[in-house]
Amino acid sequence: DMLINAYPYCSSGQQWDETIYRLYGKKIPIFNVSIPLLWGGRKDAGYMRGTEWEERSDYVEKQLRAMAAFLSENTGRPYDWDRLSEVMSYIKKAAILRKEAMDLCSVTPAPASFFDWIVSIAHVNFLPGTQRIVDYFEAVKAEIQQRIADGVGAVPDEKYRLFFDGMMNWNKIGWLADKFAAVDATVVAGRYTHMSFWQEPQLVDLANPVR
């Protein structure tokens, strides 16, 4: 058994792993991946470009390669780099489908809401690496296309369109969705879904999947 800790900006995840580590008397090997913030304060800073971006990318890539060595050491098996490329190929396909489906939701009424995309984070987290994640987002896109054709909105009588800024209150997803829908408001997008997860599939280079 081992723990890999890599929660960018989510302190809860880090605390869970540290608790497990202590619970088992610190006998489980643990590898921590640090993913630093991008402050964007340098003159050449831009969206995913500039010296700060490159330096941070170098830093994380170096850690991920060290993590591969950690895995090899604790499993007694060499790391399968070809398998990593295969895994990333599924993720790239699924991410493209997901983004295309999100873009379709700019129509009025929006066929899917922020809360639908929140629910789909489960699949992002627990189905990556196989054809199943591609199949899932193919089905999501097809359903959204059908809803557009049928004129079906996430909120039946959409009057307002909103953006949800901030983290998700996970134990209140249904309550929040109903609360907004009750006043004919569709939350069409949000930071947690549209600015964090799989938004740049073109960056996935199958020849260098670590980067």
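Reader: Why is Trp170 called partly exposed?

Author: Happy to explain. Trp170 has a relative accessible area of 43%, and the label depends on the cut-offs: buried means under 20% relative accessible area, exposed over 50%, and partly exposed in between (1.4 Å probe, protein chains only). Trp170 is therefore partly exposed. Please keep in mind that this is a predicted model, where local features need pLDDT of at least 70 and side-chain atom pairs count only at pLDDT 80 or more, while totals for chains, interfaces and linings use all residues. Residues are numbered from 1 along each chain as its sequence is written, and side-chain values use heavy atoms, with hydrogens and water left out.

Reader: What makes Phe114 and Phe164 a stacked pair?

Author: The structure holds eight aromatic pairs. In one of them, the rings of Phe114 and Phe164 are 5.0 Å centre to centre, with 15° between the planes. Rings of Phe, Tyr and Trp (its six-membered ring) pair if their centres lie within 6.5 Å; planes under 30 degrees apart count as stacked, over 60 as edge-to-face and the rest as tilted. Both values fit, so the pair is stacked. The pair links distant parts of the chain, with Phe114 in helix α4 (residues 114–119) and Phe164 in strand β3 (residues 160–164), 50 residues apart. Helices (H or I, at least four residues) and strands (E, at least two) are DSSP runs, numbered from the N terminus.

Reader: How do you know that Phe114 and Phe164 are buried?

Author: Phe114 has 0% relative accessibility, so it counts as buried. Phe164, at 16%, counts as buried too. These two residues also join Phe115 and Phe180 in one aromatic cluster.

Reader: And why is the pair of Trp170 and Tyr192 called edge-to-face?

Author: Their ring centres are 5.7 Å apart and their planes stand at 75°, so the pair is edge-to-face. Trp170 lies in the loop between β3 and α7 (173–181) and Tyr192 in helix α8 (residues 191–194), so the pair ties together parts that are 22 residues apart in sequence. Tyr192 has 15% relative accessibility and therefore counts as buried.

Reader: What makes Glu158 buried, and which side chains does it meet in polar contacts?

Author: Glu158 has a relative accessible area of 18%, so it is buried. This residue lies in the loop between α6 (131–150) and β3. A polar contact is a pair of N or O atoms within 3.5 Å; within protein, one must be able to donate a hydrogen and the other to accept it, and residues adjacent in sequence count only if both atoms are side-chain atoms. The side chain of Glu158 makes such a contact with that of Arg161 at 2.6 Å and with that of Thr186 at 3.0 Å.

Reader: Why does Glu61 count as buried?

Author: Glu61 has 15% relative accessibility, so the label is buried. Its place is in helix α2 (residues 51–75). The side chains of Glu61 and Arg211 are joined by a polar contact of 2.9 Å. Leaving aside residues up to four places away in sequence, Glu61 touches Asn208, Val210 and Arg211, where contact means heavy atoms within 4.5 Å.

Reader: How do you know that Asp82 is exposed?

Author: The relative accessible area of Asp82 is 67%, so this residue is exposed. Asp82 lies in helix α3 (residues 81–104). From Asp82 to Ile144 the distance is 34 Å in space, C-alpha to C-alpha, and the two are 62 residues apart in sequence.
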